[in-house]
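Me: I would like a close look at a single part of this protein and at how its neighbours pack against it. Please take me through it in one connected account.

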Amino acid sequence: MPNPVIYIITLSLVLVLSPHISRFVRLPTAPVEIIIGAILASSGVIYASESNFNLLAEIGFLYLMFLAGLEVNLKSILKMPNIYIVKSLYFILILWILAVIFGLIFNLDMMMIVILPLISIGLLATVSKEHGKDEQWIKISFLVGTIGEVVSITALTISEASNSLNSYEELIYKISLLLIFLGVITLIYALLRILFWWYPEFKSVLMPSEDTKYQDLRLAMGIFFIMIAVMKQLHLELAFGAFIAGLFISTFFHYKKELEKKISSFGFGFLVPIFFIHVGASFNLENIFIPEVLVTTTILLFIMFSIRILSSYTLLSIIGKRDSLLTSLALSMPLTLMIAVATIGHEKNMIKEFDYYAVILASLLEVIIAMMVIKIVAKLEKKEKSN
């Protein structure tokens with residue numbers, strides 16, 4: 001293991017220099033940090049297994065999910081026309097159907113088929129930061145992504161439970177626990193809406209306008225860690241709890257714009273980049289040259305992009321071709337969930353060794369390809385609008 005001082009200096013330099021490297025190579029910051037992490041790990045400078053680095057990365061991942069929830073304005077989503085919600089449900093349904101069809105055509109294992117339609121909006125927060133959350137395709141991506149996130153995490157919970165529990169009774173108990181949790185969260189949301197409607201001044205008590213003691217940030221961080229603790233106690237997916245915590249803040253305290261800036265600045269300036277560097281460090285670059293890994297990676301990339309682009313045809317009538325394409329690309333980066341499911345499958349011997357490496361490589365390449373294409377298409381769209 002490297003000297004702790006060298007470790008700290010190395011990570012600090014990556015944090016400082018990655019935005020400059022990103023501008024130089026004209027790539028988004030996230031993939032650049034992933035690539036740097038992989039190079040440093042292959043050179044023996046850093047190790048993904050180092051306990052403090054691993055802990056920081058895990059917190060960074062949960063914080064990224066918290067930021068993703070913060071980007072979602074539940075009130076504006078619920079005010080959307082019903083046709084938007086219906087089309088989003090069609091998108092998710094077709095996505096899963098196509099995943100099963102393509103998975104069977106290419107003779108993939110069951111766990112690999114589960115990976116294909118996963119949706120995670122963690123990286124969508126990064127895309128939103130770069131392109132602006134007021135863009136129509138960003139709003140639709142968050143709507144579809146929020147629904148898809150719930151479905152994906154439910155699928156992850158079921159797949160994990162089905163292989164770690166000893167009987168169907170325990171599996172049914174785990175699923176029931178997740179459904180009860182979602183029901184309780186919905187009930188709390190409804191009760192708080194009524195409370196804040198009758199006593200709007202209560203919001204000012206929790207988050208005063210003239211705040212000299214950072215009460216808003218303290219409340220946000222408190223909710224973040226409480227939700228993680230609750231999910232930990234219930235043995236449910238921690239990322240889902242972090243996402244709901246962000247959703248709570250954005251729904252009831254959306255008027256506190258400076259709070260969002262505080263939370264976002266700390267996340268994207270420190271914790272989130274650490275997570276991306278760790279993801280890169282967890283991948284051995286030597287695996288790229290294994291033929292079986294390359295073939296499986298190519299198949300995964302083809303299927304995952306194809307099923308999302310095909311599913312986006314359900315959105316054509318409401319947002320048009322280009323925004324539908326951008327939405328499909330924005331939802332093509334389930335990096336965190338892919339790695340989580342692949343890790344579970346690898347630990348339970350449900351996927352082969354080479355398939356595990358292929359999933360990791362595909363998840364990294366998806367982020368790089370999707371972010372690059374989004375940037376190109378978004379630029380073309382802006383040019384057309386300005387002309």
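**Helix α13 and its packing partners**

Reply: In this predicted model, confidence within the protein is lowest in helix α4 (residues 74-78), with a mean of 70, and highest in helix α14 (residues 291-311), at 94. Across the protein the pLDDT averages 83, and 93% of the residues score at least 70. The fold contains 17 helices and zero strands, and its C-alpha atoms fill a box of roughly 65 × 60 × 50 Å along the principal axes. For 387 residues, a compact globule would have a radius of gyration near 21 Å, and because the protein has 21 Å, the two agree.

The part to examine is helix α13, which spans residues 257-281, and its contacts with three other helices can be taken in turn.

Helix α1 (residues 4-25) packs against α13 at an angle of about 110°, the two axes lying 10 Å apart. Since angles of 65 to 115 degrees count as roughly perpendicular, α1 and α13 are therefore described as roughly perpendicular to each other. On the α1 side the contact is made by Leu 11, Val 14 and Leu 15, and on the α13 side by Gly 269, Phe 270, Pro 273, Ile 274 and Ile 277. Sorted by character, the residues of this contact of α1 with α13 comprise seven nonpolar, one polar and no charged.

Helix α2 (residues 29-42) meets α13 at an angle of about 45°, with the axes 6 Å apart, and α2 and α13 are therefore oblique to each other. The crossing of α2 and α13 is right-handed. From α2, the residues Ala 30, Glu 33, Ile 34, Gly 37, Ala 38 and Ala 41 meet Pro 273, Phe 276, Ile 277, Gly 280 and Ala 281 of α13. In this contact of α2 with α13, the residues divide into eight nonpolar, two polar and one charged. Pro 273 and Ile 277 of α13 thus appear in the contact with α1 and again in the contact with α2.

Helix α3 (residues 51-71) also packs on α13, their axes coming within 7 Å and crossing at roughly 135°. This pair, α3 and α13, is therefore oblique as well, but the crossing of α3 and α13 is left-handed, whereas that of α2 and α13 is right-handed. The residues in the contact of α3 with α13 divide into 21 nonpolar, five polar and two charged.

Notes: Residues numbered from 1 in each chain as written. Predicted model: local features only at pLDDT ≥ 70, side-chain atom pairs only at ≥ 80, totals over all residues. Heavy atoms only, no water. Axes fitted to C-alpha atoms, helices over the stretch in contact; angles between N-to-C directions. Helix = DSSP H or I, 4+ residues; strand = E, 2+ residues; numbered from the N terminus. Parallel < 35°, antiparallel > 145°, perpendicular 65-115°, else oblique. Contact = heavy atoms within 4.5 Å. Nonpolar A, V, L, I, M, F, W, Y, C, P; charged D, E, K, R; others polar. Left-handed = near helix turned anticlockwise from the far one by under 90°. pLDDT = per-residue confidence, 0-100. Rg over C-alpha atoms; globule rule 2.2 N^0.38 Å.
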